[in-house]
2 protein chains.
Amino acid sequence: MAGGVGSRLWPRSRAASPKQLLHIMGEGTMIQNTVARLQPMIPPDRVLIVTNASQIDGFRDQIPSIPQENLVAEPFGRNTAPCIGLAATILLERDPDAMMVVLPADHWIENVHEFQNRLKLACTIAEERKGLVTLGITPNRPETGYGYIQWSEKKDGIEKHYDEGVRVVRTFAEKPDLPTAERFLRSGDFLWNSGMFIWRADIILKEFEEHLPDLHEQICKISNTYGDDSYPNILEKTYRRITPISIDYGVMEKAKNVYVLQCDFGWSDVGSWDETYRLSRKDNEMNFLLGDVVTIETNNSFIRSDGRLIAAIGLEDVIIIDSPDALLVCKRGESQQVQKVVDYLRRKKITSLL
Amino acid sequence: MAGGVGSRLWPRSRAASPKQLLHIMGEGTMIQNTVARLQPMIPPDRVLIVTNASQIDGFRDQIPSIPQENLVAEPFGRNTAPCIGLAATILLERDPDAMMVVLPADHWIENVHEFQNRLKLACTIAEERKGLVTLGITPNRPETGYGYIQWSEKKDGIEKHYDEGVRVVRTFAEKPDLPTAERFLRSGDFLWNSGMFIWRADIILKEFEEHLPDLHEQICKISNTYGDDSYPNILEKTYRRITPISIDYGVMEKAKNVYVLQCDFGWSDVGSWDETYRLSRKDNEMNFLLGDVVTIETNNSFIRSDGRLIAAIGLEDVIIIDSPDALLVCKRGESQQVQKVVDYLRRKKITSLL
């Protein structure tokens, strides 16, 4: 899933150069890192990228190892459920037994070996139980920026995997306020919802049929024309009418056969500049400096130049993100408010900066 | 006097576009404001601008009312004494009784009417006493960024002007440390040294002859060729050998017949971004915002865009000065340290940003 904009990473992330195509953390761009950490388990020719039509060229350039036919364009963003449904029909046509691993293109994972191990176990569970499996992250702080998953102590059918951290899902919880997040953390049976899912393609489509019958019908209409001349036209017409809905809300919260794997491989959705600073390797002044930066008496700050020199004097806990046509200067801890700037630009129709 | 760079106003002030040619405070550029506030007392054709050769074109463009022959180029900056000596010889050649008003090109003055009144009185004193007159500013805070002038209670020859705030100078003091500045403020007989001087051209040249005989000789050598073909060559050769020295150190501290006028017309040398913020008209959040700026929960800050959008979130007491190729982000109260950035650029020979 690679169709988002990542607007909280403005001014670097834009519609035309979204977060997943940028160098934010690690060696490559976020999508390059995402594909690389699947190797050799899932080779590039079995990676399907679903993204916005306007971003397809960027992915082609950045990951030439992925076959052209694996780049799937959505004409409009319609949240995660349509994206996943479309991908499932494509995989199912290629292989009626297809196992499907759904991953966002813009996450950071520290321990890749452990990540792959959990993915393999998830595939085993999805196959054995013919169910829906998701990865839950053991929380280490009362984060209000993530959704949560509560697991139950039921062991029905997963007895032999219980010690491996496989759990039956009890409920999904939206992003909580701080007191609720603190309660979740203390309770010990809540995990962060990573947005990563594992299931057989045929199984998830059956769930769509049951819980999202309209969307299922729309997706089948599209997939029936896959490879035909009429495909682009049908895709666009049908997508235009699709109501946006997330996979969590549309399917996961309603389905019965849902499992979660407790994971502890170091994970982040890199959802804000504060988070980026938190994940980065700081210098002796606890600064994270990128590019052409001069500091004087400056500490605990994240400064990212983009070609121009940045001189910082006497700063503490400040985030500075430069770009050719817009600059962000933000107190650390306030970077969620970047969304307000993006909202302002949308209201004012300053599209060149979006 | 218009030859400086104003490096503490980096990154806006540069060798190629120095402070005096920029819009920093008020309606026009600093030199335009300086010339405008002399009208109608000193018409443009009687204003002589002495500046660095590299800046001459800028002045010609900005103040077309000043005759070409009144723009005097120094090949190198040699501090204030050579600049003033050169100007004095030029004025003396035009009028043996010339009264000379020496003004820096980059100051801010609030009450222009009062300023002109003090200048007129200064001219009267300079003529009556055949002495050196300077304007001293009544201090309102223990500023460490200015030099000070201590006056004496002697009234020799100025009895009838004593009530007008004319004083005999006792001593000049360099920029003090804070305890010293506080003592100066309490004592009541110290004024800020504004760097503005009034005297007859013939008198100041006599003082040069007495206290700076080498410099006097060098200046006469130049002025003897004024208008000749050999002038540019002699000017350059002679200037190259001139030792830089200020008028304060070279003449004022040594001369005997020195007077100071107590002045209270609202004055600043606009020497730093902190000072610029201090002088500016703030909005309800005590921000001073220029250009394309969006603020969220930001107070007591000075943000100056230069075409690009600046988004500020959660900031308090921050100065942000943008330019096409360099950005300054500085805690308020620390803008004197901008000099360190400029020094760094000089050391690293990053001349494009100087």
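Here is a short walk through two places in this structure: a pair of helices in chain B, and the contact of chain A with chain B. Keep in mind as you look that this is a predicted model.

Let us start inside chain B. Find helix 3, residues 80–94, and helix 7, residues 213–224; the two pack with their axes 10 Å apart and at an angle of about 45°. An angle like that falls outside the ranges for roughly parallel, antiparallel or perpendicular, and helix 3 of chain B and helix 7 of chain B are therefore oblique to each other. The crossing of helix 3 of chain B past helix 7 of chain B is right-handed.

Which residues meet there? On the side of helix 3 of chain B, look for Ala81(B), Pro82(B), Gly85(B), Leu86(B), Thr89(B), Ile90(B) and Glu93(B). Facing them from helix 7 of chain B are Leu215(B), His216(B), Ile219(B), Ile222(B) and Ser223(B). Sorted by class, this contact has seven nonpolar, four polar and one charged residues.

Now turn to where the chains touch. Chain A brings 27 residues to the contact, and chain B brings 26. Several elements of chain A supply at least two residues each, among them strand 12 (293–296), strand 15 (318–322) and helix 11 (338–347). The largest share on the chain A side, six residues, belongs to strand 16. By class, the side of chain A that touches chain B has 19 nonpolar, two polar and six charged residues.

Stay with strand 16 of chain A for a last look. Over five bridges, this strand pairs in the parallel sense with strand 14 (residues 309–313) of chain B. You can also spot Val329(A), which stands opposite Ala312(B) in strand 14 of chain B.

Notes:
Residues are numbered from 1 along each chain as its sequence is written. Chains are lettered from A and ligands numbered from 1 in the order in which they are written. This is a predicted model: local features need pLDDT of at least 70, side-chain atom pairs count only at pLDDT 80 or more; totals for chains, interfaces and linings use all residues. Axes are lines fitted to C-alpha atoms, for helices over the stretch in contact, and angles run from 0 to 180 degrees between N-to-C directions. Helices (H or I, at least four residues) and strands (E, at least two) are DSSP runs, numbered from the N terminus. Angles under 35 degrees count as roughly parallel, over 145 as roughly antiparallel, 65 to 115 as roughly perpendicular and the rest as oblique. A crossing is left-handed if the near helix is turned anticlockwise from the far one by less than a right angle, and right-handed if clockwise. Two residues are in contact if their C-beta atoms, placed from the backbone, lie within 7 Å. Ala, Val, Leu, Ile, Met, Phe, Trp, Tyr, Cys and Pro count as nonpolar, Asp, Glu, Lys and Arg as charged, and the others, Gly among them, as polar. Two strands pair if DSSP finds at least two bridges between them.
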